[in-house]
Amino acid sequence: MRLHSSSGAASRAYAPEPLPLTARHHPLEPASSLMSRLGTRHGADSITNFCRDIGFPYKALLRGDRDAIEHLARLAGCDADALGQVSIRNLGRNALRLRDEVATTHTLHRSRIRICPDCIRQDAGSAAEAWRAPRRVTWQFVSIRSCPEHNCALMPLPAETFTLHGYDFASQIQKHWQLIERAEPVPQDHTEFEEYLWRRVAGARGEAWIDQLDLNVASRACEVFGLLRERDPDSKLSGHSETEWAQFGQSGFEVLRQGADALAEEMARMLYRPGVDRRFFSRVYGPFTTWLNSRGLGEEFEPLRDLVRCRIFASFVVRRGILVLGKPSSGGDRREDADGMALNDMPANLPHLMQRRGLAHHAGDSKWCPKGFVTPAMVDALQRELSELVDIEAAATLLGLSQAEVLAQIETGTITPRLITLAGEPLFDGGMLRSWGRLAANNETGRPQHFGDRDNAALAVAAVVQRLKITPKTVFYLIENGFLCAGRISDAGRTGMAVVHSSSLAAFEDVFLSIGQLSALVRTPQGALAIRLRNAGVSMVAMPPGLSRIYWRCDMRASGLQFPDPGDVGVMNALEDAARPLLPESR
């Protein structure tokens with residue numbers, strides 16, 4: 001094995017025979033600790049003075065220089081290869097290497113000393129014999145926080161003023177011996193996650209997926225993903241105790257040790273955690289994506305970034321060019337839906353309504369799966385819609401018609417059911433039917449009129465767009481899903497021209513309100529208005545992305561926001577529509 005090499009001429013010039021007083025090399029002891037113990041045993045007051053006295057290049061040893069390690073092995077009379085296996089090599093720019101394992105100054109302590117007090121007391125019976133206590137390289141890794149032999153937390157020693165003194169392990173043990181002797185070990189179980197890291201540091205690297213990740217990637221990924229699992233997506237990466245990080249590491253390790261597929265499945269399940277805003281991936285995966293997006297992470301993190309990025313593209317609609325973990329989105333609209341997230345335990349007709357509205361798909365085996373953009377708030381809005389739907393008997397009562405007359409109105413397109421159940425039963429919006437009843441009191445017959453009659457004028461899609469202040473795509477979506485009633489094309493207007501019943505439009509306006517209408521009413525930009533409504537807890541009608549926002553009009557009065565009362569605009573607009581000239585007859 002070849003370690004980092006610099007000019008070794010000075011090292012070879014002073015190469016002596018083995019020293020008369022040596023220390024036995026521990027299998028996990030790095031070179032700096034062995035040199036410190038040699039200096040202490042020879043009575044030196046510091047490792048730097050001892051190296052100066054014997055002409056040893058101490059700083060080259062700290063860099064992991066090959067010649068310096070071989071020189072030290074001759075001084076101590078130990079195996080140079082075994083010493084090099086557990087010695088840390090400095091690659092520059094905060095990058096470190098232990099054999100083929102990559103670490104950074106954020107994942108490995110070099111000058112900060114942590115110890116197991118029981119191990120030190122067991123190795124060295126007194127301060128005079130501090131040279132007998134070797135430092136374990138495993139104690140230097142941030143994610144290893146306990147001793148597997150004594151099941152106690154590692155204890156940090158007080159920090160030194162000068163960083164170089166922190167490498168002098170034996171001198172620090174002598175200096176703080178009274179503190180170590182009096183220290184009561186803090187019980188802490190050595191987790192499976194720490195045991196895995198301990199084996200990796202000792203040289204046991206397997207063939208599993210997690211073993212293919214560099215050590216600094218695997219250790220920190222387990223901790224941050226465990227933080228996401230144990231806490232909510234709004235959690236910060238700072239402000240947690242060492243005990244909590246140990247718990248987070250174990251939680252994340254339970255997933256990552258099962259492989260990449262297990263990680264992807266767990267990320268998919270997180271989409272359905274209660275209270276999670278599923279519109280944006282950063283609000284679902286919070287600290288995990290924040291960490292992966294850090295500029296300080298090197299190329300060794302790319303395999304993990306690629307896996308997480310693919311999961312994000314599979315679950316979220318990301319506009320073209322938006323950077324996701326350092327790479328731009330291609331803007332594809334097709335996404336995989338979360339596998340196995342069945343909705344069959346939800347209220348009756350909800351999965352069917354979600355499928356009809358383009359919010360879910362039937363995955364086979366009687367499972368209904370919501371699409372990636374569906375949030376819990378959207379599901380609540382759908383359940384609210386279902387609670388307001390009435391059957392044909394209640395619809396006939398609200399309209400003052402017989403059931404046969406209601407069916408006839410459905411045939412002519414004057415009334416459209418909101419949902420047809422799997423059993424074939426039509427369900428209607430009770431709020432809109434009540435509005436229809438109010439409209440009937442303002443026409444000549446007291447009943448809803450057929451399409452093309454004077455009291456049920458036809459409005460072109462362009463007129464509906466202008467009146468509701470929504471996009472044409474949204475108008476057709478509302479027609480398709482029973483919010484608005486469209487007439488037969490041959491009944492009125494130019495051939496091929498889509499038209500909407502003014503009575504259904506008036507009923508819609510009595511119940512619903514678009515953000516465009518509200519924006520014009522309060523003279524506030526739609527973006528800022530949408531944020532105010534979201535913060536006030538005002539729910540939207542559940543629709544796919546890319547459509548105009550629609551709200552319940554009654555929620556505006558109950559939101560607590562200071563909006564002017566729009567009034568019963570549906571009835572007023574219906575009366576105005578009745579006074580308009582009809583569209584020209586079909587050609």
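What is the volume of the second largest pocket? Some quick notes on that and on its bigger sibling, the largest pocket, bearing in mind that this is a predicted model.

1. The second largest pocket comes out at about 540 Å³. Its lining is made up of 24 residues, and those closest to the centre are Thr104, His106, Thr107, Trp291 and Leu297.

2. As for who builds that lining, strand E3 (101-104), helix H12 (215-230) and helix H13 (242-256) each give two or more residues to the second largest pocket. H12 gives the most, with 3 residues.

3. Sorted by class, the lining of the second largest pocket holds 9 nonpolar, 9 polar and 6 charged residues.

4. Now for the largest pocket, which has a volume of about 1200 Å³. Here 45 residues do the lining, and closest to the centre you'll find Arg279, Phe280, Met540, Pro545 and Arg549.

5. Four elements are worth clicking through here: helix H18 (376-387), helix H25 (515-522), helix H26 (526-535) and strand E18 (550-552) each put at least two residues into the lining of the largest pocket. H26 has the largest share, at 4 residues.

6. Which classes make up the lining of the largest pocket? The split is 26 nonpolar, 12 polar and 7 charged residues. Two arginines, Arg279 and Arg549, are among the residues closest to the centre of this pocket.

Terms used: Residues are numbered from 1 along each chain as its sequence is written. This is a predicted model: local features need pLDDT of at least 70, side-chain atom pairs count only at pLDDT 80 or more; totals for chains, interfaces and linings use all residues. Side-chain values use heavy atoms; hydrogens and water are left out. On a 1 Å grid over the protein atoms alone, a cavity is a set of points where a 1.4 Å probe fits but cannot get out, and a pocket is an open set with protein on both sides within 12 Å along at least five of seven lines; lining residues have an atom within 4 Å of a point. Grid points are joined across faces, edges and corners, and a volume is the space filled by probe spheres set on the points. Ala, Val, Leu, Ile, Met, Phe, Trp, Tyr, Cys and Pro count as nonpolar, Asp, Glu, Lys and Arg as charged, and the others, Gly among them, as polar.
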